[in-house]
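Trainee: Could you take one part of this model and go through it closely? I would like to see how its helices sit against one another and which residues are covered.

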Amino acid sequence: CGSTPILSHFGSSGLGVLWHNRAVMAEDWCAAAARRVEKGSDGVWLRFGPPVDDSLMSKFFSVRFNPITSGAATVMLFGFVIVLLAIGVDREGCLSPQTVGESTQWKYTACYTPQIEFSFWMKWVADCFTWLYIGSQDCWVVFLAVLYFSRFADMKLGKDDDEPEFSDFAWFSMVFSCGVGVGLFFYGVAEPIWHYVDVNRYGHQWNGTERLPDNERAQAAMNLTWFHWGLHGWVVYAVVGVLLAFLHFRKGLPMTIKTCFYPLIGERIYGFWGDFVDSISIVATTMGVCTSLGLGVFQINAGIRKLTGYPNWIKLSYYNAENFGEWSDRVDSLRDYYLDYPVDSAFRKAHNFTDENGDLIIGTASRIASFVDTNDEQILIIWLITLVATLSVASGLQVGIQSLSMICLYLGMFLMMVILLMDDTWYLMNLYTQSLGYYLWDFLRISFYSAAFAQSDHGAREGEASWYMSGWTIFYWGWWIAFAPFVGIFFARISKGRTIRQFLNGTMTLPIAYNFAWMTIFGGAGLKMEMAADKFGVTCDTPRTRANICRVVERMRPSGYGGNPEVYCSTITKLSCRGTTDMVFDVLSQYADIGGLLAVVCLISLILYFITSSDSGSLVDDIVSANGIEEPPVVQRVYWAFTEGAAATALLYQGRLNYDAPDAGLRALQSASICVGLPYTFLICFMCVSLWRALQYERGELKWGESQFKHSILDVGVTAYGAAEGTSRCFNLKLGSIDLSRLTTFFFYIAAPVLPFFSVTSKMKRLGAPKSSAILGPVFWAAATTAFAAAMFYLWFILVLVDYVDTGVDGVNVYGNVIPGGIWTGRGWTPDEYTEYKVTQRFGLYKRYPAEVAAGDNKTALDAFVVDQSNFFPEYLQAGSEYNETGVAAGAVGERLGAPMHYAVMGWYFYLTFACLLMSLRNQVRAAYGLSGNICEDFFASLFLYPTVLMQLEEMVTEPPAQKTAASKAVVVAATCVPESHDA
């Protein structure tokens with residue numbers, strides 16, 4: 001196995017020198033964690049190959065990584081990809097309306113169920129947690145603003161005498177290239193156009209008309225684009241990056257996501273939970289880069305087609321009857337592709353492979369041939385990018401990634417400047433100034449806007465489209481957060497030697513200003529073209545959706561040379577009729593002779609940005625999988641670079657079997673990665689607390705190890721595994737242990753929290769915190785409080801359980817409460833038909849079945865209903881009726897979805913009361929024993945981890961408080977929800 005010198009273990013950029021030149025100071029609050037890094041027990045290691053040194057053999061053949069983190073991430077990633085490939089297109093996966101003649105019928109049709117399923121997950125996240133995403137982003141922005149102006153802002157991300165590793169231009173180039181480079185090309189023109197033309201939060205969603213004038217709608221579109229690419233996006237990167245850079249370069253802890261939680265849970269980061277967080281971070285990073293790589297090749301391919309002027313470039317340039325002889329040998333394979341497409345797919349419905357005489361229809365075969373070649377072209381692009389990215393990441397951060405990032409930034413600035421000067425310069429300058437003021441003026445409103453009425457089922461009929469929040473803002477926030485581990489680690493890796501304020505300037509202020517300039521120039525040019533197309537009658541029916549228009553320039557001289565008016569000529573494209581990947585090239589192509597050059601520069605920039613995203617993602621994956629080594633072995637970098645390429649290739653190759661949606665697999669992967677943003681939202685909230693605590697520990701405002709509970713709130717008595725010391729061990733996994741007594745206590749307290757609650761309460765009453773009544777005595781009040789807490793806890797359990805019990809005996813009772821003497825039975829409309837009338841009083845979610853599906857599947861339904869989409873008012877039908885007078889299909893109400901929630905809601909309120917009582921008790925114990933913390937921590941700990949909270953409290957009160965003077969500090973802190981300071 002060989003020895004791993006400490007200098008090589010940390011890399012050559014500072015940490016090796018840190019530990020080589022000085023011993024770990026015992027009084028340092030990170031001493032224990034840093035010492036574990038020094039001794040090689042900072043995680044599970046698998047080490048083999050040549051010893052780590054500067055030789056080529058060592059760089060290329062030495063292997064050092066965490067097998068648990070790497071293995072778990074690889075299994076999760078490729079397991080997910082294999083599932084997506086195995087499922088494929090389900091030929092009877094979806095129930096959807098089909099037009100048959102003049103009527104509509106519901107049938108099971110082909111669809112790609114993983115994309116639908118994960119899109120549903122993403123929509124569920126948006127529907128249920130919009131408030132969380134919006135509120136947390138706002139809190140993070142405020143937190144970083146406070147940090148920027150705080151006493152901590154001048155602290156170095158490194159030792160006090162460390163200097164920045166990279167120049168300012170190189171550093172900003174890498175920050176920008178990793179952060180958003182590719183997205184600006186994809187969304188720079190397209191997003192403002194979508195906001196302008198689509199049904200949006202400012203539009204009338206029912207009749208398609210817009211309530212705002214065109215100019216206001218264009219400005220609103222630009223404001224939304226700025227909002228999605230502004231402070232609220234970059235804030236997640238900055239939080240992760242500044243915390244990790246501080247703990248790594250200043251305190252010597254590993255550069256992995258688990259390190260971010262050391263100020264909260266201590267050395268427990270070097271165990272199962274730390275490896276779990278790192279594994280999820282690797283998966284989120286790889287899925288995000290893989291999705292961007294896969295979807296990005298669509299735009300690169302569109303650029304190549306734009307330059308060549310032909311639909312294909314890898315084999316034949318085009319396929320039609322004229323050159324049929326050159327590709328006639330592929331007819332059999334093309335027929336196989338055609339037969340693999342589902343019979344009811346949109347492509348097969350619109351195109352037959354042969355006519356009624358059995359002769360080949362060349363048009364259909366040519367479409368399939370072009371489609372297959374396009375897929376091959378995209379796969380080739382992926383592997384060319386992957387190979388170059390592999391060379392870049394293998395050459396190191398200082399050579400490959402830094403150089404490519406600087407080239408990318410320079411080319412992007414070139415494009416911006418040329419468009420600014422070639423287009424209507426003064427219009428774009430006005431637009432930037434106006435948009436900046438609009439953004440600042442609207443900042444608070446748009447920051448807290450959550451589409452409450454729009455997302456409600458009963459929102460205003462003329463308001464915002466109900467899907468707009470989930471389809472745009474929440475999609476963006478989930479996407480930014482899902483990329484936070486990747487980008488945050490990369491930012492941390494390149495930011496050694498800078499102060500916290502400098503870091504925030506470089507990762508928040510400058511990139512946002514650059515984003516705004518890019519979006520204004522590209523988006524503004526696109527909006528001007530779209531509005532000109534509307535004005536001059538260029539529509540989707542115009543050949544190639546574009547026309548060369550000359551118009552009088554009114555703001556110049558009324559008459560030019562020779563008395564003729566001056567006119568301005570340019571090619572105007574109806575951008576909203578074009579594909580997303582084509583829009584940026586359509587804008588560039590309007591600039592006559594220079595348009596081709598700009599398209600080439602844009603294509604090169606796009607490719608280089610994809611390369612920098614891929615190589616930086618590979619580097620981050622390798623750093624995390626190698627327990628935070630700054631410069632991991634080359635062979636591991638190659639592995640992660642090829643992993644991204646292989647996953648993207650597999651999903652793209654599957655796309656050739658789905659003509660209607662070739663990117664469905666990648667979209668499913670994208671939706672899944674965005675869903676990862678939900679748990680990461682909570683983790684980033686913890687990171688904010690962790691960062692503030694770390695800064696307080698560093699300034700000596702808090703003392704590490706003092707004023708804390710005896711055990712961690714995560715300690716249930718089980719240690720899954722550990723890591724043995726020794727930097728020369730090939731494999732240092734150490735078996736874990738089980739504290740059977742503690743584990744038994746944990747499970748007992750889950751079901752019976754009353755006993756420890758009474759024990760702690762009675763002891764606290766005796767301590768006089770607060771003072772008890774002298775008449776009844778402390779035991780009485782402790783028993784009364786405990787009895788009330790017990791009633792709340794067990795009422796919660798009973799009511800939730802009762803709510804899931806099915807008490808109905810017939811269809812009527814199953815589907816809701818019944819009121820005798822109603823006016824409709826669901827079987828007839830007039831009193832003459834039945835002598836007894838009943839009305840259901842449903843509340844909640846139920847399954848809906850189309851009438852013919854309900855009958856065909858023998859679904860029991862109490863009644864039927866129909867929704868007339870033209871006026872959105874429900875009209876009721878007799879059971880069994882298929883259509884109403886307007887021909888709208890009827891549906892049947894089936895069984896309930898989930899529990900009725902009639903009693904469970906009250907039960908959960910009782911549980912919240914119990915958690916508040918426990919919160920108060922924990923706060924009293926902290927105050928009496930002088931423990932650090934705050935009331936918010938007490939509440940969330942009691943709400944989610946009440947068994948271990950009770951264990952903490954019971955252990956603490958076994959001994960009397962050492963002194964009462966410390967209580968005053970905790971009492972003051974307990975009244976606020978921010979980490980306490982030394983001054984308090």
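Mentor: I will take the packing of two helices, and then some buried residues elsewhere in the chain.

This is a predicted model, in which local features need pLDDT of at least 70 and side-chain atom pairs count only at pLDDT 80 or more, while totals for chains, interfaces and linings use all residues. Residues are numbered from 1 along each chain as its sequence is written, and side-chain values use heavy atoms, with hydrogens and water left out.

The chain has 39 helices and 14 strands; these are DSSP runs, helices being H or I over at least four residues and strands E over at least two, numbered from the N terminus.

Helix α15 covers residues 331-340 and helix α17 residues 362-395; they pack at about 90°, and their axes are 10 Å apart. Axes here are lines fitted to C-alpha atoms, for helices over the stretch in contact, with angles from 0 to 180 degrees between N-to-C directions. The angle makes α15 roughly perpendicular to α17, a term for 65 to 115 degrees. On the α15 side, Leu334, Tyr337 and Tyr338 are in contact with Thr364, Ala365, Ile368, Ala369 and Val372 of α17, where contact means heavy atoms within 4.5 Å. Of the residues in this contact, 7 are nonpolar, 1 is polar and none is charged. Ala, Val, Leu, Ile, Met, Phe, Trp, Tyr, Cys and Pro count as nonpolar, Asp, Glu, Lys and Arg as charged, and the others, Gly among them, as polar. An α-helix has 3.6 residues a turn, so residues three or four places apart point the same way.

Now to burial. Of the 984 residues of the chain, 53% are buried, meaning under 20% relative accessible area with a 1.4 Å probe and protein chains only. Helix α24 (residues 484-493) has 10 of its 10 residues buried, so the rest of the structure largely encloses it. Among them are Phe486, Phe490, Phe491 and Arg493.

Thr225 lies in helix α10 (residues 214-228) and is buried, at 0% relative accessible area. Its side chain reaches the backbone oxygen of Ala221 at 2.9 Å. Leaving aside residues up to four places away in sequence, Thr225 touches Glu191, Pro192, His195 and Met519.

Two loop residues complete the tour. Ala451, between α20 (443-448) and α21 (452-455), has a positive phi of about 55° although it is not a glycine. Asn627, between α27 (592-625) and α28 (634-655), also is not a glycine and has a positive phi, of about 60°. Ala451 is buried at 1% relative accessible area, and Asn627 is buried at 2%.

Note on methods. Buried means under 20% relative accessible area, exposed over 50%, partly exposed in between (1.4 Å probe, protein chains only). Angles under 35 degrees count as roughly parallel, over 145 as roughly antiparallel, 65 to 115 as roughly perpendicular and the rest as oblique. A polar contact is a pair of N or O atoms within 3.5 Å; within protein, one must be able to donate a hydrogen and the other to accept it, and residues adjacent in sequence count only if both atoms are side-chain atoms.
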